[in-house]
Amino acid sequence: MAMKLLKVADYAEMSRQAADIIIKQVKEKPNAVLGLATGSTVLGVYRELAADHRQHGTSYRLVRTVNLDEYVGLDPDHPNSYRYYMNQHLFAQLDIPLHETHVPDGLAADLDEECRRYERLIDELGGIDLQLLGIGRNGHIGFNEPGTPFSTATHVVELTELTREANARFFPSLDDVPRYAITMGIATILRSRRIVLLASGEEKADAMARLLEGVVTPDLPASALHLHPDVTIIADCEALSLI
Ligand code: GLP
């Protein structure tokens, strides 16, 4: 298995290690294209990047970013949109020009055209140098739910109940969680030159155990990463408690 697994004690250690990889990437290639994720798992990484920027001045002036996904129907100013999350937790803390940060437009009138535009955009940027990923409890990456063919490019998805329930904690009620999202496809993710997947906590243990078994199947979207030559997994003890 080509995947590199870094076992760490806890969330803090996972966050530091992931931040170190990103900082190194940006120092090596100041105009790197970073593929970014949202959710609870990556929050600590963004805190580390912000702290490093403040304390050591690592610059993101030339960096470009593309996010994995966005809810359909949420305004960029909606506190639960992924655009809002990224602005708050990362972009406002760095010196990156906001116009170089990209998130799919969940309000686009023609969502299919928005998906095609997003694919073209990634190509025009020269491809993703480093893609950061979390993992869903059912093994989803981005919003690619189980059953998604690995050949899928950026597309509109209907979210599963499990995913809506898992993300309901950020919304006033389950009913407020959008039913659709735009997500980079698995093929889009696999085109990244390097991938770093993070997992923390017991609720990810089942998905991680299945991922590390090594069976490649659309039933576990993250298992597509076995087809990629440069994947680093950073996972804490709880996330690895079932292996
Ligand atoms: C969400 C996001 C994914 C994220 C995953 C895990 O549905 N679309 O990009 O990786 O769920 O989220 P969390 O880190 O909050 O557990």
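**Group meeting: sheets, ligand shell and annotated residues**

Over residues 13-226, the chain is 34% helix and 14% strand, and the C-alpha atoms at the two ends of that stretch are 24 Å apart. Colleagues, please keep in mind throughout that this is a predicted model. The stretch was chosen from a record: UniProt, in an unreviewed entry, places the feature "domain: Glucosamine/galactosamine-6-phosphate isomerase" at residues 13-226.

Let me begin with the sheets. One open sheet has 7 strands in the order β1-β10-β9-β6-β2-β3-β5, and its pairing is parallel. Strands β1, residues 4-8, and β5, residues 101-102, stand at the edges; each has a single partner strand, so one side of each is left without a neighbour in the sheet. Within this sheet, please look at strand β6, residues 130-133, and strand β9, residues 194-199: they run parallel and are joined by 4 bridges. Which residue of β9 is the bridge partner of Q131? That partner is I195.

A helix belongs to this part of the picture as well. Helix α1, residues 11-28, lies across β1, β2, β6, β9 and β10, and runs at about 155° to β10. In that list, β2 covers residues 33-36 and β10 covers residues 231-236.

I turn now to an open sheet of 3 strands, ordered β4-β8-β7, in which the pairing is antiparallel. Here β4, residues 69-71, and β7, residues 155-158, stand at the edges with a single partner strand each, and therefore one side of each is left without a neighbour in the sheet. From one strand to the next, the twist averages 25°. Strand β7 pairs with strand β8, residues 180-183, in the antiparallel sense over 4 bridges. In that pairing, H155 stands opposite T183 of β8.

Next, the ligand. How many residues surround the ligand? There are 14, and the closest are A37, G39, S40, T41 and G134. Sorted by class, the shell comprises 4 nonpolar, 9 polar and 1 charged residues.

The annotated positions deserve their own moment. Under "active site", again from an unreviewed entry, UniProt lists D69, N138, H140 and E145. I shall take two of these in turn, H140 and E145.

H140 lies in the loop between β6 and β7. Is H140 buried or exposed? It has 25 other C-beta atoms within 10 Å, and is therefore buried. Leaving aside neighbours within four places in sequence, H140 is in contact with E145, P146, T163 and P221.

E145 is likewise found in the loop between β6 and β7. E145 is buried because 21 other C-beta atoms lie within 10 Å, where the threshold is 20 or more. With the same exclusion of sequence neighbours, the contacts of E145 are H140, V157, T160, T163 and P221. The two annotated residues thus appear in each other's contact lists.

My final residue is F91, in the loop between α3, residues 82-89, and β5. F91 has 22 other C-beta atoms within 10 Å, so F91 counts as buried. Beyond its neighbours within four places in sequence, F91 is in contact with M86, I96, L98 and T101. As for T101, 10 residues separate it from F91 in sequence, while the C-alpha to C-alpha separation in space is 8.1 Å.

That concludes the tour; I am glad to take questions.

Notes
Residues are numbered from 1 along each chain as its sequence is written. This is a predicted model: local features need pLDDT of at least 70, side-chain atom pairs count only at pLDDT 80 or more; totals for chains, interfaces and linings use all residues. Two strands pair if DSSP finds at least two bridges between them. Axes are lines fitted to C-alpha atoms, for helices over the stretch in contact, and angles run from 0 to 180 degrees between N-to-C directions. A residue is near a molecule or strand if its C-beta atom, placed from the backbone, lies within 6 Å of it. Ala, Val, Leu, Ile, Met, Phe, Trp, Tyr, Cys and Pro count as nonpolar, Asp, Glu, Lys and Arg as charged, and the others, Gly among them, as polar. Two residues are in contact if their C-beta atoms, placed from the backbone, lie within 7 Å. UniProt positions are given in the numbering used here, feature names are shortened, and annotations may be inferred rather than shown by experiment. A residue is buried if 20 or more other C-beta atoms lie within 10 Å of its own, exposed if 12 or fewer, and partly exposed in between; C-beta atoms are placed from the backbone.
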